[in-house]
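Trainee: I'm new to this one. Could you walk me through it, one question at a time?

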Amino acid sequence: MKPTTTVDVLVAGGGLTGLAAATFLSWLGVRTAVVERHSGTLIHPRARSINPRTAELLRQVGLASAVTDSGGYVSELPSVYLLRAVTLAGEELSRTEQRPPADAGGGAEVSPSGWGMIDQDRLERVLRERAGELGADVRFGHRLVGLEQDGAGVTATVSTVGGECEIRAAYVIGADGNGSTVRSLLGIGRHGPGRLSHVASMVFDADLSGPMRGRHDPANGRFVASCHLTTPAEGTVLFPHGGDRRWVFNTPYFPERGERIEDFGDERCVAAIRAATGVPDLPVSLVPQLENGVRVLGYEVGALVADTYRAGRVFLVGDAAHVMPPTGAFGAGTGIQDAHNLAWKLAHVLSGRAGEALLDTYDAERRPVAEFTLGQALLLMNARGGAKVAAPAGHSLVPYDAAVFGYRYPGPFADGDGPVALEPAELTGQPGTRAPHLPLGSGSTLDRYGREYVLLTGTEVDTGLQSSVLEGTQLARHGITATGALLVRPDGFVAWRKETGFTPGELAAVLAALDCREPVTA
């Protein structure tokens, strides 16, 4: 017999979203295992920052300082910009200021968190360490190859260097990326514009001070966030990755012309880097991105959303559920928010506090958000001069803060259906929206939320729930009077509101509806 491990939740995929899921679940007390086919986390940065809403979620599990003190490029520098040129050493075609939106997380009126200027490889290491601290069983060098569901759980077959083993879990999360094995095993299709391009990506060490000509000098307040070059092909991008000599280089390749990622040997990579920098004899040292020495990774840039996020006891999160172009820096945050939304629901179902049907709300809430966010990424890409790819019908560009903070979930007590993109100042306790942030001592009102429902009222009341009394302008910001009440979910979204005339007896039916349970009758 194959050796078998039993857990509550198995996460397939140990990248950013999978490790975030393991961290959130373990913080909630759920026994969690992670299997990842690679032997370790990548050194490639990929995503280079996380937006303030995503940073709020990491703050909740004790990672605020790890994100803000990461050493990534910072928005406070006098010059942070994007360069466009034929080659790095050649004539500059344009220079564009490249900063996060000034108002996103920029003050106490928006969020307790600002932009997390942390590269994805660093954030993955932070999450891996935190998940382990919280008790998650994280296994690299383990590849999920099979799934069998029954009425009580899922049996996963996992391939390792030493053979095969089985992991038995009540639920499985597929966080295994764009080419998801889990999604394929489930037979779940995808919709959207489709594949946009293919990119060969590598990390290298070199002294680029010559072709940079003083434009990139962080010690003196000048920082090139990215260089967009037309050599060796339109769409080539070069950006720094810590220190003075390490860089990331992305250049397109074209499978439709017969090109393969395997064709990028060391000689071709060095030649491409030299062509892009405009220095024919530049000394270049390619850096392995995996423990097995792989130096080049192939990525597919796409615009696709899974047709469903749930199949029985198995769920999709992150790139397994949706892929979107990098414009707007939406992808990583959307995946982490998927994991956060699903984690508390799994915890409540596993503990018996909620009915199984609560898990259906994961797809109902998160898939429309992904479709909305994908539309925003495509519209931004078009507006910034990228490849023209039509956004889905009915989408229009909204202010960035509205896209990040202002979407609305459907629900039994919510108004309207799907995302509505409210500005942060318009978030005043509407059911289905993120609860308002207000400064609270050195923290935030958002710090009240995390594991349980929280009842906010204008006067002291005994309901058996975790509760807090609002005062003065806090009441108006949450849309209730001194006799009203607001019920907030563990993820900080408003579940239900009674603006005035609240009585504790109302809560039993409300909680039963929210938890997908039959109401208790006398």
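Mentor: Sure, and let's get one term straight before we start: helices here are DSSP runs of H or I with at least four residues, numbered from the N terminus. Keep in mind too that this is a predicted model.

Trainee: Okay, then what sign does phi have at C516, and about how big is the angle?
Mentor: Find helix α12 and step just past its end, and you land on C516. This residue is not a glycine, and with a relative accessible area of 31% it is partly exposed. Its phi is positive, about 60°.

Trainee: Back inside α12, which strands are included in what covers its buried residues?
Mentor: The helix runs over residues 507–514, and its buried residues are L507, V510, L511, A512 and L514. What lies over them includes β20 (454–457), β22 (485–488) and β23 (494–498).

Trainee: Is Q474 buried or exposed?
Mentor: Look in helix α11, residues 473–477, to find Q474. Skipping neighbours within four places in sequence, Q474 is in contact with L438, L440 and V469. Its relative accessible area is 15%, and buried means under 20%, so Q474 is buried.

Trainee: How are α2 and α8 oriented to each other?
Mentor: Helix α2 covers residues 52–60 and helix α8 residues 331–350, and their axes are 9 Å apart at an angle of about 40°. An angle under 35 degrees would count as roughly parallel, and 65 to 115 as roughly perpendicular. The pair fits neither, so α2 and α8 are oblique.

Trainee: Which residues of α8 does α2 meet?
Mentor: The crossing of these two helices is left-handed. By class, their contact has 2 nonpolar, 5 polar and 1 charged residues. From α2 come R53, T54, L57 and Q60, and they meet G333, I336, Q337 and H340.

Trainee: What gives the most to the largest nonpolar core?
Mentor: That core has 102 residues, and L10, F24, L123, I173 and L346 touch the most other members. The element you're after gives 9 residues, and its name is α8.

Trainee: And which residues does L346 touch?
Mentor: Leave out anything up to four places away in sequence. What remains is V9, L25, Y171, I173, F315 and L359.

Trainee: Last one: about what omega does the cis peptide bond between T231 and P232 have?
Mentor: You'll find P232 in the loop between β10 (222–229) and β11 (236–240). The cis bond joins T231 to P232, with an omega of about 5°.

Definitions and conventions
Residues numbered from 1 in each chain as written. Predicted model: local features only at pLDDT ≥ 70, side-chain atom pairs only at ≥ 80, totals over all residues. Heavy atoms only, no water. Axes fitted to C-alpha atoms, helices over the stretch in contact; angles between N-to-C directions. Parallel < 35°, antiparallel > 145°, perpendicular 65-115°, else oblique. Left-handed = near helix turned anticlockwise from the far one by under 90°. Contact = heavy atoms within 4.5 Å. Nonpolar A, V, L, I, M, F, W, Y, C, P; charged D, E, K, R; others polar. Core = buried A, V, L, I, M, F, W, Y, C linked by side-chain atoms within 4.5 Å. Buried < 20%, exposed > 50% of the residue type's maximum accessible area, 1.4 Å probe, protein only.
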